[in-house]
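Work through the exercises below with the coordinates open. Each task is followed by a solution in steps.

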Amino acid sequence: MALPRGWRIEEAHLERGGSFDCPISVGVTAAGPTGERIMYRSELCYVDAGAVARRIPTQTEHKAFMHVEAACDELAQACAAQLGAQAEVVAEQPYPSSAAVDIEHERARVKREAANDFAIQGFSMEPSDVIYECRMRRYRIAGAPVPTELAVAAKVEGYVASIGGVAGSMGKGIAAGAEALLGAGLASGLIGGVLGKRLRERQAAAAAGQGVAQEQAADQGDCPDEAPFKPGAADLLQWRIRDSFCLVAPEGRLDEAASTALASMASTLRLNPSIAREACAQKQQMVLEQRQRTQMNIAQQQQQFAAWQQMHASQQAAFDSYQQAWFERSDRQHAANMAASAANFSSAGVGTGAASYSDAIRGVNHYTRPDGTDVEVSVMADQAWVNGSGDVIGTRDGFEPGFGWTELPRQ
């Protein structure tokens, strides 16, 4: 950017952040010959979202969207607060520029940048709509130590994206796609978008029925520009205050500073190509690191599941071995008891009593398999079950082993 004679750059800084939406931000402070100062900031990024999309993790600050007039007012109040005063609006002017702003051209640029950001993250899609607004507002500083005037010029731009739209590009619907996308590449900070004025008709009832959407569109069609935007449930939007200038000047010096220094800075502002390349490289690196983290998480989950399967198999094998050993001991003891009873008692009545006595001594109950054969199960069990392989287990307290097991009748 260029400055007129007598002005100088007082401070310049470049911030490298950890957000995909704003990897690099530039700030400049210029000082004039009679106490004027201009503070420039390249961009301030925010995210707004509906109920479902709000669950998407992002490194960008969540903040409800505001139109350019409200954005200028917020910057003006922040500047006035540093002087212990308040800003009062006195006039509104076009954004300072040497040429008329082509709104449609700027909207097309925002749309291209959005599509490029989606491509970096691996999505082939475009935003639902975009917005571009620019304005300058003049203020009176009430309560300042010395009479002071203020002018704020800013742009507000951005675009809206829907989880449903992203999911559709991956062959999924909103219901399944929303959940699948929450922990994947979106975790790096999916760029959402800003709502244009027409989005009030189209997006306000995304999760409701078509009839509700049409009714809300009719209700909101005549909303003033300053009306707050209500994103649909599946809408995630990113918006930014871009190329903002705050001009503070002694009373009576604002007009000249605005028409010279501020207009010169705004008209000659150009992005350094090396900064643009670094910002793009940072975005690509962030996406790569996120994908690596995602793959590591998937591999860790697979390892944990494999370990759980192995542990379950070991426990099942130990349980099966214990059951088989118990059955074998029980069968041997029963055979020995019956042989001893047969040698000492010959009558049928005594034989039956001996069998019952043997069962009581050994602590078993008799159950009948589906093929009619007899099986013994410990009296510690309330129920007995058999599977397709013929394995028999006992349970108690109403526990059911689940699918594949059939309860046996007790004799």
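The exercises that follow treat a predicted model.

**Exercise 1. The largest pocket**

Task: Find the volume of the largest pocket, the residues closest to its centre, and the make-up of its lining.

Solution.
- Step 1. The volume of the largest pocket comes to about 1,300 Å³.
- Step 2. Its lining counts 48 residues, and those closest to the centre are Arg109, Glu113, Arg242, Asp243 and Leu271.
- Step 3. Sort the lining by secondary structure. Two or more residues come from each of the strands S1 (8-16), S2 (24-31), S3 (37-49), S6 (148-162) and S7 (235-250), and from each of the helices H2 (103-120), H7 (254-268) and H8 (273-344).
- Step 4. Helix H2 contributes the most, with nine residues.
- Step 5. Sort the lining by class: 24 residues are nonpolar, 10 are polar and 14 are charged.

**Exercise 2. Aspartate 243**

Task: State which element holds aspartate 243, what is notable about its phi, and whether the residue is buried or exposed.

Solution.
- Step 1. Aspartate 243 belongs to strand S7.
- Step 2. Most residues other than glycine have a negative phi. Aspartate 243 has a positive phi, near 50°.
- Step 3. The relative accessible area of aspartate 243 is 11%. Buried means under 20%, so aspartate 243 is buried.
- Step 4. Link this to Exercise 1: Asp243 is among the residues closest to the centre of the largest pocket.

**Exercise 3. Cysteines**

Task: How many disulfides does the structure hold, and why does cysteine 246 not form a bond with cysteine 79?

Solution.
- Step 1. The count of disulfides is zero.
- Step 2. For cysteine 246, the closest cysteine sulfur is that of cysteine 79, 5.3 Å away. A disulfide needs the two sulfur atoms within 2.5 Å, so this pair is too far for a bond.
- Step 3. Check accessibility. Cysteine 246 is buried at 9% relative accessibility, and cysteine 45 is buried with a relative accessible area of 12%.

**Exercise 4. The S8-S9 hairpin**

Task: Describe how strands S8 and S9 are joined, and locate the glycine with positive phi in the turn.

Solution.
- Step 1. Strand S8 (residues 364-368) runs antiparallel to S9, and five bridges join the two.
- Step 2. To fix the register, use asparagine 365, which is opposite valine 377 in S9.
- Step 3. Five residues separate the two strands of this hairpin, and glycine 372 in the turn has a positive phi of about 95°.
- Step 4. In strand S9 (residues 374-378), four of the five residues are buried.

**Exercise 5. The three-stranded sheet**

Task: Give the strand order of the open sheet of three strands, and say which strands stand at the edges.

Solution.
- Step 1. The order is S11-S10-S12, and the pairing is antiparallel.
- Step 2. S11 (392-395) and S12 (405-407) each have a single partner strand, so they stand at the edges with one side lacking a neighbour in the sheet.
- Step 3. From one strand to the next, the twist averages 35°.
- Step 4. Strand S10 (residues 383-387) is joined to S12 by three bridges, with asparagine 387 opposite tryptophan 405 in S12.

**Exercise 6. A pair distant in sequence**

Task: Classify arginine 16 as buried or exposed, and give its C-alpha distance to alanine 279.

Solution.
- Step 1. Arginine 16 is part of strand S1.
- Step 2. Its relative accessibility is 54%. Exposed means over 50%, so arginine 16 is exposed.
- Step 3. Between arginine 16 and alanine 279 there are 8.8 Å from C-alpha to C-alpha, while in sequence the two are 263 residues apart.

Note on methods. Residues are numbered from 1 along each chain as its sequence is written. This is a predicted model: local features need pLDDT of at least 70, side-chain atom pairs count only at pLDDT 80 or more; totals for chains, interfaces and linings use all residues. Side-chain values use heavy atoms; hydrogens and water are left out. Buried means under 20% relative accessible area, exposed over 50%, partly exposed in between (1.4 Å probe, protein chains only). Two strands pair if DSSP finds at least two bridges between them. Axes are lines fitted to C-alpha atoms, for helices over the stretch in contact, and angles run from 0 to 180 degrees between N-to-C directions. On a 1 Å grid over the protein atoms alone, a cavity is a set of points where a 1.4 Å probe fits but cannot get out, and a pocket is an open set with protein on both sides within 12 Å along at least five of seven lines; lining residues have an atom within 4 Å of a point. Grid points are joined across faces, edges and corners, and a volume is the space filled by probe spheres set on the points. Ala, Val, Leu, Ile, Met, Phe, Trp, Tyr, Cys and Pro count as nonpolar, Asp, Glu, Lys and Arg as charged, and the others, Gly among them, as polar.
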